[in-house]
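Open the model in a viewer and keep the selection panel at hand. The stops below go from one helix to the rings around it.

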Amino acid sequence: MEEAKKLLGSVTISPAVIEEVKKGVKNIAGFKEKLEGHLAQSVTELLDIILFGAIMLDASDIHIEPQESNARLRVRLDGILQDVVFFDQTVYHHLISRLKLLSKLKLNITDRPQDGRFTIGVENLLIEIRTSSLPAEYGESIVMRILNPKSLINLNDLGLREDLLKTFQKEITKPNGMIIVTGPTGSGKTTTLYAFLKKIQNPEIKIITIEDPIEYHLTGVSQTQVSPEKGYTFADGLRSIVRQDPDVILVGEIRDLETAKIGLQAALTGHLVLSTLHTNDAAGTIPRLVDLGAEPSSIAPALKMAVAQRLVRKVCKKCSTFESPSVKELAELKKGLKSLPKGVKAPDLDKIKIAKPKEEGCQVCNFTGYKGRKGLYEAFLIDSEMEKYILTNPPVSSIRELAIKKGMVTMYQSGLIDIAESTTTFDEVARVVEEDESKSEVI
């Protein structure tokens, strides 16, 4: 019983495992080899190697998926899932039991989803693991999200263009208004918002966040986590936060009308409000708020900036080659970048080299040809003209046209700039920016 209590909620990776993994796990192949050598060992040691190996490889998620006769372990590197190892059902069941115990999930419930979390202690660093179990055809599928505080970066480290960095720095230092970052799950919205907070944080202002869940712990920031099952929602929390006299409020996500209304009201009454929405592009922010039930007369004066972002993989500098663009590639770059607004430094297309990832990659990039990721952004400000236009309740396409006319660099153009700077590839940009969207952007 005492042993079970010790296991609950936290795990400390032993120095022996840390040393062993650091020596042998440099890439997916090394990770696979290390795990295959420990499948017959204790489940505790096996899980420690899975967790620390994934952390060493900078994986964002670990997936354990049961199949008809075995189970598969995969990790997500730079947004792409990669197979690591297959193991038998016995090992799978032992792993699931250990994980559920650690994550405070009910062991006897296997027919409905559960969510939990636990903490890993590694070399004086606490790393949160968010666990999700889902009943599947051959057992429970488990996904562990790794929330490594080392992932938190400063605004200057986001890889922003100079013009965008200046815009962000200016807007986040304003005393009030709402800034919304949009994009799908896993597009780096939280990282961007936390970078904003780290930039503006100082002893003279009070920052409060309400999140679901708290992903990273920030020193000097009051953070609160919603708990819908206990009746503590974003709207309830936000209502209470406003009474705490904050200067800056971060709302993890605007999901309903009540949260939107209170957030907009807070932005109009002397607070800087940062939040996220799920939309396809920056222009979709306004119609999405209207869809939730917010009034254009509230949105127009409260919203100060809308940002959309995606993440693209960067080419591996170790094994990629760089060559002059083909006629077709050069034509696409010229077409897409000819209308860049003033103030945005356009690449010299006569001197550029296009990155060509090595098909089989190398050990450094786990044989993918890509290593690391960076953001593609599009953002526009709400000036007096845009404010008046929002009051007419325009469609997404019209808002987008006006934003581009007023100097917004589209996400596709952002991708083309990165291609011209040999950072990423046409394939990567096409993977994260929809094809029909890209066609409209280069007209």
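This tour of a predicted model moves from a helix to its aromatic contacts and then to a charge over a ring.

Start by selecting helix α6, residues 162-171. Its buried residues are Asp 163, Leu 164, Leu 165, Phe 168 and Glu 171. Next, show what covers these buried residues: the cover includes β8 (177-182), α7 (189-200), β12 (272-277), β13 (303-315) and β16 (370-381).

Now turn to the aromatic rings. The structure holds three aromatic pairs. For one of them, select Phe 168 and Phe 196: the rings are edge-to-face, 5.4 Å centre to centre, with 80° between the planes. Phe 168 belongs to helix α6 and Phe 196 to helix α7, so this pair ties together parts 28 residues apart in sequence. Phe 168 counts as buried because its relative accessibility is 0%. Phe 196 is likewise buried, with a relative accessible area of 0%.

Keep Phe 168 selected and add Tyr 377. These two rings also form an edge-to-face pair, at 6.2 Å centre to centre and 80° between the planes. This pair links distant parts of the chain, with Phe 168 in helix α6 and Tyr 377 in strand β16, 209 residues apart. Both Phe 168 and Tyr 377 are buried.

Display Phe 168, Phe 196 and Tyr 377 together: ring pairs link them into a cluster.

For the last stop, select Arg 313 and Tyr 370. Arg 313 lies over the face of Tyr 370, 4.1 Å from the ring centre.

How values were computed: Residues are numbered from 1 along each chain as its sequence is written. This is a predicted model: local features need pLDDT of at least 70, side-chain atom pairs count only at pLDDT 80 or more; totals for chains, interfaces and linings use all residues. Side-chain values use heavy atoms; hydrogens and water are left out. Buried means under 20% relative accessible area, exposed over 50%, partly exposed in between (1.4 Å probe, protein chains only). Helices (H or I, at least four residues) and strands (E, at least two) are DSSP runs, numbered from the N terminus. Contact means heavy atoms within 4.5 Å. Rings of Phe, Tyr and Trp (its six-membered ring) pair if their centres lie within 6.5 Å; planes under 30 degrees apart count as stacked, over 60 as edge-to-face and the rest as tilted. A charge sits over a ring if NZ of Lys or CZ of Arg is within 6 Å of the ring centre and within 35 degrees of the ring normal.
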